[in-house]
Amino acid sequence: MAFLEVKDLEAYYGKAQALKSVSFNVEKGGCIGIIGPNGAGKSTLLDSIIGLTDWRGQIIFNGVDLHRLTPRAIVKLGIGYAPERGNLFTYMDVKDNLLVGAYLAREKIDENLGEVFEMLPRLEERQKQQAETLSGGERQMLSLGRAFMTDPKLLLLDEPTLGLAPIVISRIADVLENLKKTGITIVIAEQNVTFTMTHAERLYLLERGQLTMGGTPEELRGEEYISKTYFGV
Amino acid sequence: MIRRLRWWLIAIAVMCVLPLFVPLGFPVSVIRLLVMGSYLAIFAMSWDMMSGHTGYISFGHPFLIGLAGYVTAFLSHQEGFQPPHIVLPLAVTLPLGVAAAVGGGMLFFFPSMRVRGPYFALVSLAFMEILHRLIIAVRPEFTGGDRGLPNLPSVVMGAIPNYYLSLGLMFATAIGLWYVSRSNVGNVLKAIRMDEDVVEASGISTYRFKRFAFLLSAVTAGLGGVFYTHYLASINPRRAFSAILLLDIIISAVIGGMGTIVGPMFGGYFLTFILEYLRPYLFGQWRLLAYALVAIFMVIYKPKGFYGIAQDVASWFQTRKRRSAQYGY
């Protein structure tokens with residue numbers, strides 16, 4: 001059985017359908033990428049997995065059906081969520097932001113904080129700085145760090161490279177590779193196809209709420225539609 | 001410990017010595033104003049614990065204050081409306097009043113905490129109005145109806161004992177809430193104000209934290225409500241559930257600095273004094289206009305209120321000190 005199994009997932013905002021019959025699997029320790037343009041439903045998909053939307057269908061994580069579970073219960077099962085970098089507690093300092101994430105894994109606060117600072121040394125340097133004064137890359141690192149503080153087995157990353165300079169993206173990529181080495185399963189939702197193809201073992205193309213294509217990076221590179229739309233070739 | 005509390009200890013010391021200057025000509029009217037300021041500060045801090053910290057703007061705070069006030073007033077007033085009822089001592093009625101604020105608050109507010117934003121504000125306003133109408137219309141022989149309950153016993157007599165009583169309550173409330181605000185619990189509450197969904201996605205039950213904030217807010221509002229009612233020695237629905245009281249509370253918190261506890265405390269005193277000294281120039285409905293203008297100005301130009309201004313000044317001095325140590329100018 002897959003570690004995360006999403007089957008016929010549908011999500012709505014009022015009457016507007018944001019996701020239509022989305023199905024995919026993620027194996028334990030794997031890293032998959034959901035690519036697609038703005039408004040395709042990538043964030044809605046991650047929000048649904050973490051329990052922030054009303055959805056229909058089936059999401060099974062580690063053998064547990066997530067339907068009607070609260071976000072708290074879902075995080076407790078071992079799913080961590082790093083939303084887009086704008087979603088930080090901007091008037092708090094870096095350490096307090098991380099501690100909000102640590103609430104469920106209180107007994108492991110020091111251990112997890114140590115790991116986060118080791119993985120993201122910039123956060124240790126800036127731990128007393130207000131989150132609103134951080135650069136874009138630092139904000140993204142903080143978002144990652146906060147998700148890591150929940151002690152996750154599966155990490156959902158929403159647009160980790162959004163609006164970042166190439167040098168900062170390469171730092172985020174290093175962090176991602178380190179995370180993969182720890183055995184954490186990762187789902188990345190991204191517009192940056194090159195980045196996602198480099199780090200994910202399998203990709204899915206999400207357009208207008210539907211998964212229209214799926215395969216390994218090599219397979220998708222060979223697809224004419226992907227080459228034309230995302231690489232302009 | 002002492003270091004963290006040093007500013008509180010200085011404030012307590014200064015406020016405690018003020019009445020000693022009354023025989024030397026310090027006006028008693030200022031002492032009375034300070035009593036009113038202390039109660040408004042308690043209400044503003046109580047509102048801040050709930051609304052300033054979590055972002056759930058409550059328009060129903062007078063509901064909690066009025067409920068506590070009415071329970072203690074009803075159980076302790078001496079005149080005896082028809083049918084006659086038992087008069088209880090204040091030592092019993094005061095805690096019962098606070099318990100009523102907590103109990104009534106739980107009954108009415110918890111379901112409404114499932115809704116967010118303007119819906120919560122409107123539901124809380126509706127509860128205040130419902131209680132207002134019920135007090136007037138249902139069994140006025142018990143509640144005194146529109147006239148209210150007059151001639152209530154006082155907890156202590158005289159301006160100076162009342163000053164110390166209100167000051168004690170105010171500082172106990174302020175230091176207690178200040179500690180909560182600076183704790184991890186306070187951080188989570190502030191995080192809820194910034195982005196509740198992200199807090200949920202961090203595995204925190206925001207409902208539990210909001211419930212805690214609300215309970216703390218209800219206890220302090222009830223505490224302030226019972227003592228305030230006995231200080232005024234009367235209660236009536238028009239004053240207890242008035243829009244003016246609601247505005248006083250919210251504007252004290254807004255101009256002081258929401259989510260800071262210290263700010264709303266200062267705001268309470270500031271508003272009491274400014275309103276009193278502006279009374280000859282601003283009367284009747286003009287006060288409401290002045291309130292609105294002050295609040296709009298603060299929200300636009302200084303959203304962190306006086307607390308933010310004090311932070312800016314402190315940071316300016318620190319920068320100057322650092323610069324003079326570094327470069328010698």
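**Exercise 1. Work out how helix 8 of chain B packs against helix 10 of chain B.**

Step 1: geometry. Helix 8 (residues 184-194) and helix 10 (residues 206-232) of chain B meet at an angle of about 110°, and their axes are 10 Å apart. Axes here are lines fitted to C-alpha atoms, for helices over the stretch in contact, and angles run from 0 to 180 degrees between N-to-C directions. Helices (H or I, at least four residues) and strands (E, at least two) are DSSP runs, numbered from the N terminus.

Step 2: name the arrangement. That angle makes helix 8 of chain B roughly perpendicular to helix 10 of chain B (the class covers 65 to 115 degrees).

Step 3: list the contact. Helix 8 of chain B brings B:Val185, B:Val188, B:Leu189 and B:Ile192, while helix 10 of chain B brings B:Thr206, B:Phe209, B:Lys210, B:Phe212 and B:Ala213. Contact means C-beta atoms, placed from the backbone, within 7 Å.

A word on the source: this is a predicted model, where local features need pLDDT of at least 70, side-chain atom pairs count only at pLDDT 80 or more, and totals for chains, interfaces and linings use all residues. Residues are numbered from 1 along each chain as its sequence is written, and chains are lettered from A and ligands numbered from 1 in the order in which they are written.

**Exercise 2. Lay out the six-stranded sheet of chain A and find what packs on it.**

Step 1: order. The sheet is open, runs 6-7-8-3-9-10 and has mixed pairing; strands pair if DSSP finds at least two bridges between them.

Step 2: edges. Strand 6 (79-82) and strand 10 (210-215) of chain A each have a single partner strand, so one side of each lacks a neighbour in the sheet.

Step 3: twist. Ignoring direction, neighbouring strands are turned by 20° against each other on average.

Step 4: one pair. Strand 7 (residues 154-158) and strand 8 (residues 185-190) of chain A run parallel, joined by five bridges. A:Asp158 sits opposite A:Ala189 of strand 8 of chain A.

Step 5: helices. Helix 1 (residues 42-50) of chain A packs on the sheet, touching strands 3, 6, 7, 8 and 9 of chain A, and its direction makes about 150° with that of strand 7 of chain A. Helix 6 (residues 136-148) of chain A lies across strand 6 and strand 7 of chain A, at about 165° to strand 6 of chain A.

**Exercise 3. Sum up chain B's make-up and the predictor's scores.**

Step 1: make-up. Chain B has 15 helices and zero strands.

Step 2: extent. Its C-alpha trace spans about 80 × 60 × 40 Å along the principal axes.

Step 3: scores. Chain B averages a pLDDT of 88, with 97% of the residues at 70 or above; pLDDT is the predictor's confidence in each residue, from 0 to 100. The complex gets an ipTM of 0.76 and a pTM of 0.83.

Terms used: Parallel < 35°, antiparallel > 145°, perpendicular 65-115°, else oblique. Contact = placed C-beta atoms within 7 Å.
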